[in-house]
Amino acid sequence: MNIFRLAGDMTHLLSILVLLLKIYATKSCSGISRKTQELYAIVFLARYLDLFTDFISVYNTFMKVVFIASSLAIVWCMRVHPMVRRSYDKEIDTFRYYFLIAASFVLALVLHEKFTFQEIFWAFSIYLEAVAILPQLVMLQRSGNVDNLTGQYVFFLGAYRGFYILNWIYRYLTEPRFTRWIACVSGVVQTALYADFFYYYFISWKNNSKLKLPE
């Protein structure tokens, strides 16, 4: 494992911790897209089908369990927890994410590295993760004002993909048989989706002001 992969994993984990902190400390999920969280739960469940069949390392297994458990816990809180679910902004979280799921699965059937059950679902999870943030970004744009913890959550998610791009570049330069082109292309697309958010996040940080996105 290289430093870029580790930094990517840590910022991803940090984004989840920030979101859990927001939910459990404030008993509120205001500003958080439940649809994006459900997409991430699907992503991790589809990607880590090998959890009980392939062992790579204790670290790898631990991270898989953490991502699956945390994503399901967040969805559970937003759907079931009596206090948290009341704060869910259903009126502005209206992105039709079923199209993202369907399109990602069809794309996985067409573009994959191996035509096996696990590889198809791995490709599906990669494609779906690339666009899973869309409901959240659309929701933030509709609401305009973004609270501090929600802004940090989205920022760390974007940073995680940025570090993974550096990880893929490093592996391409140092590993003679690095062929994960699906992850590379999808990662670039996913990172590009954050460009507008990063711009306004930087402006708010520079001016020491509240993060606001144009409607």
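**View 1. What the buried side of helix α4 packs against.** In this predicted model, the buried residues of α4 sit against three helices: α2 (34–47), α5 (117–131) and α6 (134–143). The buried residues in question are Leu100, Ser104 and Ala108. Look down the axis of α4 and its buried residues fall within an arc of 65°, so they line one face of the helix. Over on the other side of α4, you'll find Tyr98, Phe99 and Val110 exposed.

**View 2. Helix α4 from end to end.** Helix α4 runs over residues 98–110, which makes 13 residues. At 1.5 Å a residue, α4 should span 18 Å, and its end C-alpha atoms turn out to be 19 Å apart, so the two values agree.

**View 3. Where α6 meets α7.** Helix α7 takes in residues 148–174, and its axis comes within 12 Å of the α6 axis, with the two crossing at roughly 145°. The handedness of this α6 and α7 crossing is left. On the α6 side, the contact is made by Gln136, Leu137 and Leu140, and these meet Thr150, Tyr153 and Val154 in α7. Sorted by class, the α6 contact with α7 comes to four nonpolar residues and two polar ones, with no charged residues.

**View 4. Where α7 meets α8.** Helix α8 covers residues 181–193, and the axes of α7 and α8 come within 9 Å, crossing at roughly 150°. Here, too, is a left-handed crossing, with α7 passing α8. From α7, the residues to pick out are Arg161, Gly162, Ile165 and Trp168. Their partners in α8 are Ala183, Cys184, Gly187, Val188, Gln190 and Thr191. The residues of this α7 and α8 contact split into five nonpolar, four polar and one charged.

**View 5. Lys27, a lysine with a positive phi.** Zoom in on the loop between α1 (3–26) and α2, and there is Lys27. Most residues other than glycine have a negative phi. Lys27 isn't a glycine, yet its phi is positive, at about 55°. As for exposure, the relative accessibility of Lys27 is 33%, so Lys27 counts as partly exposed; the partly exposed class lies between the buried cut-off of under 20% and the exposed one of over 50%.

Key: Residues are numbered from 1 along each chain as its sequence is written. This is a predicted model: local features need pLDDT of at least 70, side-chain atom pairs count only at pLDDT 80 or more; totals for chains, interfaces and linings use all residues. Side-chain values use heavy atoms; hydrogens and water are left out. Helices (H or I, at least four residues) and strands (E, at least two) are DSSP runs, numbered from the N terminus. The expected span of a helix is 1.5 Å times one less than its number of residues. Buried means under 20% relative accessible area, exposed over 50%, partly exposed in between (1.4 Å probe, protein chains only). The arc is that of the directions from the helix axis to the C-beta atoms. Contact means heavy atoms within 4.5 Å. Axes are lines fitted to C-alpha atoms, for helices over the stretch in contact, and angles run from 0 to 180 degrees between N-to-C directions. A crossing is left-handed if the near helix is turned anticlockwise from the far one by less than a right angle, and right-handed if clockwise. Ala, Val, Leu, Ile, Met, Phe, Trp, Tyr, Cys and Pro count as nonpolar, Asp, Glu, Lys and Arg as charged, and the others, Gly among them, as polar.
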